[in-house]
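Here are a few exercises to work through with the model open beside you. Try each task before you read its solution.

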Amino acid sequence: GVSCAPFCYSLVELLKHKLQIDDALDVFAVHGMGGFLGTILTGVFADKTVNGVQGSAEMFGKQLLACTGCALYSFIVGYALIKVIGYFMEVVPEKTDIFVGLDLSLHGEKAYSGGSVRSGGLKSREVANPHRTPIKDDEPGNPDQLPRPLQISV
């Protein structure tokens, strides 16, 4: 936890604010990379009295190889699935739909009606991107201000 929390937070900052990659709920940065780090560090901190295996350079190498293989497999299968699904339907919504909000543009309803999230008085778009100037619901906006989604092309 001591090493994983700053590592994950740094990745969230890097992906969201520096690279401007849209990672819904910070899933990749927190769960993907946090799990990766935790798994490889198991090879370092394993204790023979707990699980019968002692942490060592060899164990670290095995954990690193297993994690890398799992990440590569997940990427390949995920990429293939997105490509196949893309033949049947759009995978990424239009910029204007994202800007308006997917609840409203795709489902015809507004999440957080009344503009508050947990009585904090924040608009849903303010929560989604606190670094962008808030836009009132009745103001036209610029969809180009959105973080760019991760683009995968063949």
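**Exercise 1.** Find which helix the buried residues of α1 pack against, and how they are placed around its axis.

*Solution.* Start with the packing partner: the buried residues of α1 are packed against α2 (27-45). Helices here are DSSP runs of H or I with at least four residues, numbered from the N terminus; buried means under 20% relative accessible area, exposed over 50% and partly exposed in between, with a 1.4 Å probe and protein chains only. Contact stands for heavy atoms within 4.5 Å.

Next, list the residues: Cys4, Cys8, Leu11, Val12 and Leu15 are the buried residues of α1. They sit on the same side of α1 because they cover an arc of only 105° around the axis, the arc being that of the directions from the helix axis to the C-beta atoms.

Finally, turn the helix around: Tyr9 and Lys18 are exposed on the face of α1 turned away from its buried side.

Before going on, a note on the source: this is a predicted model, in which local features need pLDDT of at least 70 and side-chain atom pairs count only at pLDDT 80 or more, while totals for chains, interfaces and linings use all residues. Residues are numbered from 1 along each chain as its sequence is written, and side-chain values use heavy atoms, with hydrogens and water left out.

**Exercise 2.** Compare the reach of α1 with the span expected at 1.5 Å a residue, and say what follows the helix.

*Solution.* Take the ends first: α1 covers residues 4-18, which is 15 residues. The expected span is 1.5 Å times one less than the number of residues. From first C-alpha to last, α1 reaches 20 Å, close to the expected 21 Å. After α1 comes Gln20, with a positive phi near 55°.

**Exercise 3.** Count the disulfides, then check Cys4 and Cys67.

*Solution.* Apply the cut-off: a disulfide is a pair of cysteine sulfur atoms within 2.5 Å. The count comes to 0. For Cys4, the nearest cysteine sulfur is that of Cys8, 3.9 Å away. For Cys67, the nearest is that of Cys70, at 7.1 Å. Now check burial: Cys4 counts as buried because its relative accessibility is 18%, and Cys67 does so at 9%.

**Exercise 4.** Describe the whole protein: how many helices and strands does it have, and what share of its residues is buried?

*Solution.* Count the elements: there are 7 helices and 0 strands, strands being DSSP runs of E with at least two residues. Then take burial: 18% of the 154 residues count as buried.
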